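Welcome! Here are some worked exercises to help you find your way around a new structure. Try each task yourself before you read its solution.

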Amino acid sequence: MSNEKEKFKLTKLEKNWILYDVANSAFVLLVTTLIPIYFNILGVRGHLSNTTYLAYWGYAQSVATIISALAGPVIGAAADRKGRKRKIFLVTIAVGTAGCLLFGLARQWLIFLIIFVLARVAFNLSLVIYDSMLGDVSTEDRLDDVSSQGYAWGYIGSCIPFIICLALYVLLSDEMSFSLGIMSTENSMALGFAITALWWFFVSLPLLKTYKQKYYISEEEAAKHSTWTQLGHSIRDVGHDRQVLFFLLAFFFYIDGVYTIIDMAVAYGTSLGLDTVMLLLALLVTQFVAFPSAIAIGKLAKRVDATKLISVCIIAYFLITCYAIFLAHTYQFWILAVCVGLFQGGIQALSRSYFTKIIPNEKSGEYFGLYDIIGKGASFIGTTLVGAVAQATGKQNYGVGAMTIFFVIGFILFQISVRAGSGKPAAPAVEAAE
């Protein structure tokens, strides 16, 4: 038993890789909680209706997604060249954290959305590089566990800056009748945005200092092909590998619902008139539930085939989305938040580690660029659909209901991918870092 524990003890590099999940998850939690509320304040000041507010928020998410999806594969392919990955990673973090700092200076809704789109794009591109690092920092037999640990500690670690931000909002904001009321709501949130930006940047430093690119395109191949040609070859290779192709198609559909629920939860609850503080506390509970759940699913993947666990998570999300259609009261949102927490980390972590196993290591950057374009492209459809249907019908529930079919299609395609599985494609010339 002691040998088994020692075998799965995290290395220093794995711990530092996990720390970036802790760093960036603070921004994710901010985007899904306080930022929609802040935008709602700016929207009310700009005379936007509740339905228009929800639609514009969905459109902003979609624009960020389109830009990220188009840039992701190119950035990923560029990062696969020797010595590039860490440098590009640093740039995306710098731009993202700078944008987060600027949120509090935007006091007009359109300016805020422009800054938000830029920061969200930088964040998304940092994840392309970060996810592609997994094969460099760990070994194949540890991928499921390490990936799950990343999401788990990201959930719990992100609660630290979030609780501080929430406390500033609740205790200092002049909007709350029971608060000290010593500053405006906008200023209390601006302070929270600054705290989150600093957290994101400084918690990223351990990985930036210790990461070394282990796999990359050989210098001979890099000299023969431009980044665009290299990317074209990878797209062609994906088309010839049924396991990778059908997984990406499946991922496109089932992750759509997952990302849409994450991105639109607070905006959806706010548009229904639910209490904002209760919504934020419910999502805080989601983080605490997701922490042990993600770790447990990662450990379970050592005994149960990860593909079966991914299938269970897809089915669970289908049922969660069905439940969300009938959301009308705050207590129902709490139930929804707990259920999401049980499966959110598992489906994201296992999808990431499963994809890492079936792609060539030396092209992980560009493959995860494709992974990102698939995931973010799906998110674009989901958020756009929710916004468009809500605006067209005046009923937000109809947009949420459309998400269920995506989980059905995703489940079917994933089963095809599993049956077509034939291991990783043959890897071309690879160089290991000195």
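Two rings of Phe, Tyr or Trp count as a pair if their centres lie within 6.5 Å. Keep in mind that this is a predicted model.

**Exercise 1. Find the residues that ring pairs link into a cluster, then describe one pair.**

Step 1. Ring pairs join Phe27, Tyr38, Phe39, Trp57, Phe103, Phe112, Phe116, Phe123, Phe193 and Trp200 into a cluster. In the whole structure there are 35 aromatic pairs.

Step 2. Take tyrosine 38 and phenylalanine 112: their ring centres are 5.3 Å apart, with 55° between the planes, and the pair is tilted.

Step 3. Now place the two partners. Tyrosine 38 belongs to helix α3 (residues 34-45) and phenylalanine 112 to helix α6 (residues 109-132), so this pair links distant parts of the chain, 74 residues apart. Both tyrosine 38 and phenylalanine 112 are buried.

**Exercise 2. Decide whether the pair of tyrosine 317 and phenylalanine 407 is stacked or edge-to-face.**

Step 1. The angle between the two planes is 20°, and the centres are 5.8 Å apart.

Step 2. Planes under 30 degrees apart count as stacked, and the pair of tyrosine 317 and phenylalanine 407 is indeed stacked.

Step 3. Here too, distant parts of the chain are linked: tyrosine 317 sits in helix α15 (residues 306-324) and phenylalanine 407 in helix α19 (residues 404-420), 90 residues apart. Tyrosine 317 is buried, as is phenylalanine 407.

**Exercise 3. Work out why residues of a surface patch can point the same way along a helix.**

Step 1. On the surface, Ile405, Val408, Ile409 and Ile412 make up a nonpolar patch, and together they have about 300 Å² of accessible area.

Step 2. One of them, isoleucine 409, lies in helix α19. Its relative accessible area is 30%, so isoleucine 409 counts as partly exposed.

Step 3. An α-helix has 3.6 residues a turn, so residues three or four places apart point the same way.

**Exercise 4. Check the span of helix α16 (residues 330-357) against what its residues predict.**

Step 1. Helix α16 has 28 residues, and at 1.5 Å a residue they should span 40 Å.

Step 2. The C-alpha atoms at its ends are 41 Å apart, which agrees.

Step 3. Look along the helix as well: α16 bends by about 30° at phenylalanine 343.

**Exercise 5. Trace which salt bridges tie helix α16 to other helices.**

Step 1. The structure has seven salt bridges. In one of them, arginine 352 meets aspartate 21, with the closest N and O atoms 3.4 Å apart.

Step 2. Arginine 352 is in helix α16 and aspartate 21 in helix α2 (residues 12-32), 331 residues apart. Arginine 352 and aspartate 21 are both buried. A network of salt bridges links Asp21, Asp131 and Arg352.

Step 3. Another salt bridge joins aspartate 144 and lysine 357, whose closest N and O atoms are 2.6 Å apart. Because aspartate 144 lies in helix α8 (residues 143-157) and lysine 357 in helix α16, the pair ties together parts that are 213 residues apart in sequence.

Step 4. Finally, compare the partners' surroundings. Aspartate 144 is buried, with a relative accessible area of 9%, whereas lysine 357 is partly exposed, at 21%.

Terms used. Residues are numbered from 1 along each chain as its sequence is written. This is a predicted model: local features need pLDDT of at least 70, side-chain atom pairs count only at pLDDT 80 or more; totals for chains, interfaces and linings use all residues. Side-chain values use heavy atoms; hydrogens and water are left out. Rings of Phe, Tyr and Trp (its six-membered ring) pair if their centres lie within 6.5 Å; planes under 30 degrees apart count as stacked, over 60 as edge-to-face and the rest as tilted. Helices (H or I, at least four residues) and strands (E, at least two) are DSSP runs, numbered from the N terminus. Buried means under 20% relative accessible area, exposed over 50%, partly exposed in between (1.4 Å probe, protein chains only). Patches are made of residues with over 30% relative accessible area and no salt bridge: like charges are joined within 9 Å, nonpolar side chains (Val, Leu, Ile, Met, Phe, Trp, Tyr) within 5 Å. Accessible areas come from the Shrake-Rupley method with a 1.4 Å probe; for residues, only the protein chains shown count as cover. A salt bridge is a side-chain nitrogen of Lys or Arg within 4 Å of a carboxyl oxygen of Asp or Glu. The expected span of a helix is 1.5 Å times one less than its number of residues. The bend at a residue is the angle between axes fitted to the seven residues ending there and the seven starting there.
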